[in-house]
Amino acid sequence: MGAGVRSSVMASGVTGFPMVDSIASAGRRVLPNQWDLIAFAAIMAVLTAIAQSYHGISAPLPRPTEDVISLGYGSLPYYALRTALRMFAALFFSLVFTFTYATLAAKSRRWEMVLIPILDILQSVPILGFLSFTVTFFLGLFPGNTLGAELAAIFAIFTSQAWNMAFSFYQSLRTVPPDLEEVARGFRFSGWQKFWQLEAPFAMPGLIWNTMMSMSGGWFFVVASEAITVGDTTITLPGVGSYIAKANNEGNWSAIGAAILTMAIVILLYDQLLFRPIVAWADKFRVELSAGQETSTSWVLNILQRTHWVRMAFQPLFAALRAFSLLPIRLPRLAPASASEDTQPSRVLDAVWILAVLAVAIYAGWLTVQFIASEVSLAEVMHVFVLTFYTLVRVFVLIMLASLVWVPISIWVGLRPRLAEGLQPIAQFLAAFPVNLLFGATVSVILYFNLNPNIWLSFLIIFGTQWYIVFNVIGGAAAFPNDLKEAAANFRIKGWRWWVKVMLPGVAPYYLTGAITASGGSWNASIVAEYVKWKDHSVIAQGVGSYIAEATDKGDFPKIVLGVAMMSLFVTLFNRLFWRQLYAYAERRLRL
Amino acid sequence: MLDPATATLLSVENVNQTYATGSGESRKLVLDNVSMTLKTGEIVALLGRSGSGKSTLLRIIAGLSRPTSGTVTISGQPVEGPAEGVAMVFQSFALFPWLNVLDNVEIGPRANGVPLDETRQRALKAIDIIGLDGFESAYPKELSGGMRQRVGFARALVMQPKILVMDEPFSALDVLTAETLRTDLLDIWQEGRIPIKSILMVTHNIEEAVLMSDRILVLSSNPGRIASEIVNTIPHPRDRLDPPFRALVDSIYALMTKRAETAQVAPREAAGASLALSLPDVSTNSLAGMLEEIAAPPYNGKADLPHLADSLGFEIDDLFPLGETLQILKLADFEEADIKLTPLGRRFVDMDVDQRKKMMGDQVLANVPLASHIKRVLDERPSHRAPASRFREELEDYMSEDYADRTLRTLINLGRYGELFAYDEAAQSFSYENPE
């Protein structure tokens, strides 16, 4: 879910037992370096540019009428379909992005220097902060047309999916087994053939797993992006998200219930009809040749593969795809073949390249600072800094609280295989469920009891993200080796010692995977969770999330840029200095 | 098969190959002026230990790497880039796991534009010859190691190469499977059922080389040179227990141990306390185990290497590193094709654990310059700590990064066992501290 080490996500045993083979970027580099700064500046500048272009294009949509959305139950299936279609459109663009961006980064050393840090920062930028920019941008592209609004929503989902997919693909391309690489060269595959016969299939399991996890996370964003107000522009796209927004405005409990039920069905269908079949199918691309591995199963896939006529029907299609992938297309080389490890890259060209990149970055950084400074004073920057610190505390404390509650319970569940088998998919389902559907309703409770929003709103932040901790820890405990359990019992290791010396270290890598994902998602959630509307009330908690949300409502772009930049900065540093350090340690020491 | 008009199929002339070392400037020589030929109708084995550059040579011949200097020609055509008349069989099989057997076999011709029906015909024929009928739709994951390597062979045959090159094709298989595959391949070859004109194989298994090849080229290590050429005229079918077979195996062992000895002595003579001595990947337990094995009956302190390898299920890449380390530590010595315990080695066997640790520590300190160097540095420093990176860099002046790493790792292992120093993996530093 968005900001943070989301990328990192989580190749995980699909049947339920996460193997967590890679936190994508954990091993690479820990402290931010000059490339990160450059990337940071560039991204913020692009956002600024988009925001600025808005002022030139101000073309208001026709005033949204209230009857765009009907709260009748009959229209819910249609809304669900529209919401799902948005998801798939975004998925399509994410795949296109992945195949181009990641391939370029993997094949060209110079592009890699620029593209990978950019990707790294991008995944720390809170997606919902993006929303206001992209909405204005796309509305500007298609003035007065809902296509602009649709594209904005799709783009928001895209930004929640694309980064970790690209990361996964890039990493796979960089780790193609050398012997297969040699076979490809020995058979004189062209670049095109090699890509489709070797590189893409090899990257498939990781890419599919990340795609599916991205899709899960995407429901949150599709719901958030369907009904949005930026300044005096209000967008209401037909969909479950708009439906719930209207239900919240009216305080209509039965409509809220219907929307939640609809969403649950949609996610269930997605899981059973798409996620599991595809992940099970992707198993055949795994390179490890041992047979004893846990494999995923899917009843849908079994049916498809066992029906003769379905296979017959698809035969010509597959044959055609195969022929297409084998076309002897010779793409121009992006980089000298890695064949000779000795070719010295030209230092001079490198220097020119780096200088050019630096110049662009400095200009971009200057642009951003200028834009923010046009309206915002230094005191305001300090104020946002403090607000971001509040949100940081909120995220941190809540992750710790959720860990305290869920880790023991999850371990208890994970050690009971039958229970784990049943509960883990449920946790996975809950993680995918867009809890922002529930925010309005929860806030009504806060209003009713007159609770302090600074404290009680905070819990919304981990509403949806705590499940990542749950299902990862269940998976870790379930995968805990039996002989170690027996050894602990045999040496009568009990009580706190059993927790501290045996179980907690055993599940640590899994826990951290879950916690990192949860932390990233929580930052994003803060934008919707610190500023919630119910009927005609707004409940606000002090923090950078509500700062961004309020500025979005007012259409105050310099403030949005400032808030997003500050939050990205915090997320990046928090990840690099805290989570990745812990994760690297756990990988080194505690991986069983 | 032995055509009287044996034409030279492949010729390798003065090939050198170097890699940049850790320090960047100096370059490590992997192949040193290697020349060889391959004639029509023969099987040639490249026999050498790890580090002899035999796999590198094979890849240069297949056009997968370029030599730093020198030329390779196949039927008079210079090899530049992946060679058309050469197909390769890999140690790791290197099958595409997402393709079934038939697709794996067909992928080569299809990628090279052979029409679909001709590809299918050729593939089915190769599958038939290699004994894979019935497995066409199986995925590599469903196959045993032996069957996977058969797919590897079929995939190479379907390309109709002139030369089949094999990179330790049997070493990832268990003993029985490997033997079946070897004899099957020899049968196919001798019956002339495949259009291949000659076979070049890399191996570190002496018996395999003697069993299969008509000519054996023995490569020395560091840098790789062709040290000797042995023509093998034992008639087929060859029997491993046949006296001429045994004699040839023994003589090759003797040849290889002799060179191991000179290779070890040279650097120490070169410089007083040279760090150029690289240590192989060995554990203290296997060292002690080897000493005990040699000391016990039937060897009683002196073991015939082929025998010893056989009884332990070892190949030369398992056996030689242990033997050489024992030689460096002056606990054992090579003598022709035998390995013999020194008096020190005999005493070691009779000791208890603490005494063994003490002796191992003393021998490491006395005979491995790096060990005494580390100890001296630790003594000099008031903190009695030193980072590992420092020693790694010093080693990299003499050897490649991989070797430096391995040497350091083995030394840490020996040093810990001999209680010469402590090593903190997290901090990557040497010290004298041990947990109280």
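Start by selecting domain 1 of chain A and domain 2 of chain A: 37 residues of domain 1 are in contact with 37 residues of domain 2. Two residues are in contact if their C-beta atoms, placed from the backbone, lie within 7 Å. The model you are looking at is predicted: local features need pLDDT of at least 70, side-chain atom pairs count only at pLDDT 80 or more, and totals for chains, interfaces and linings use all residues. Residues are numbered from 1 along each chain as its sequence is written, while chains are lettered from A and ligands numbered from 1 in the order in which they are written.

**Stop 1: the two domains of chain A**

To colour them, use 33-61 + 75-374 for domain 1 of chain A and 376-592 for domain 2 of chain A; such bounds come from an automatic or database domain assignment. Taken over C-alpha atoms, the centres of these two domains of chain A are separated by 23 Å.

Now look at the side of domain 1 of chain A that touches domain 2 of chain A. Several elements each supply at least two residues to this side, including helix 1 (34-57), helix 4 (127-141), helix 9 (253-282) and helix 12 (347-373) of chain A. Helices (H or I, at least four residues) and strands (E, at least two) are DSSP runs, numbered from the N terminus. Helix 9 of chain A gives the largest share of this side, 7 residues. By class, the side of domain 1 of chain A that touches domain 2 of chain A holds 23 nonpolar, 12 polar and 2 charged residues. Here Ala, Val, Leu, Ile, Met, Phe, Trp, Tyr, Cys and Pro count as nonpolar, Asp, Glu, Lys and Arg as charged, and the others, Gly among them, as polar.

**Stop 2: all of chain A, then one residue**

Show the whole of chain A and you will find 22 helices and 4 strands. Of its 592 residues, 49% are buried. A residue is buried if 20 or more other C-beta atoms lie within 10 Å of its own, exposed if 12 or fewer, and partly exposed in between, with C-beta atoms placed from the backbone.

Next, pick Val507(A), in helix 20 (residues 495-529) of chain A. Why does Val507(A) count as buried? Because Val507(A) has 27 C-beta neighbours inside 10 Å. Leaving out residues up to four places away in sequence, Val507(A) touches Ile411(A), Val473(A), Gly476(A), Ala477(A) and Phe480(A).

**Stop 3: where the chains meet**

Select the contact between the chains: 23 residues from chain A and 22 residues from chain B take part. Helix 6 (178-186) and helix 7 (191-226) of chain A each supply at least two residues of chain A's side, and the largest share of that side, 6 residues, comes from helix 6 of chain A. The side of chain A that touches chain B divides into 12 nonpolar, 4 polar and 7 charged residues.

**Stop 4: chain B and a buried helix**

Switch to chain B, which has 15 helices and 16 strands. The C-alpha trace of chain B spans about 75 × 50 × 45 Å along its principal axes, and 42% of its 436 residues count as buried.

Zoom in on helix 1 (residues 54-61) of chain B: 7 of its 8 residues are buried, so this helix is largely enclosed by the rest of the structure. Among the buried ones are Lys54(B), Arg59(B) and Ile61(B). Not counting residues up to four places away in sequence, Ile61(B) touches Leu10(B), Val12(B), Val72(B), Val86(B), Val165(B) and Leu200(B). After helix 1 of chain B comes Gly63(B), with a positive phi near 80°.

**Stop 5: a hairpin in chain B**

Which residues of strand 12 (residues 332-335) of chain B lie on its covered face, and which on its uncovered one? Ala332(B) and Phe334(B) are on the covered face, whereas Asp333(B) and Glu335(B) are on the uncovered one.

Add strand 13 (residues 338-341) of chain B: 4 bridges join strand 12 to strand 13, and the two run antiparallel. Two strands pair if DSSP finds at least two bridges between them. Ala332(B) has Leu341(B) as its bridge partner in strand 13 of chain B. The hairpin has 2 residues between the strands, and Glu336(B) takes a positive phi near 50° there.

**Stop 6: two domains of chain B**

Finish with domain 2 (284-349) and domain 3 (353-431) of chain B. Their C-alpha centres lie 24 Å apart, and 7 residues of domain 2 of chain B are in contact with 10 residues of domain 3 of chain B. On domain 2's side, the touching residues divide into 5 nonpolar, 1 polar and 1 charged.
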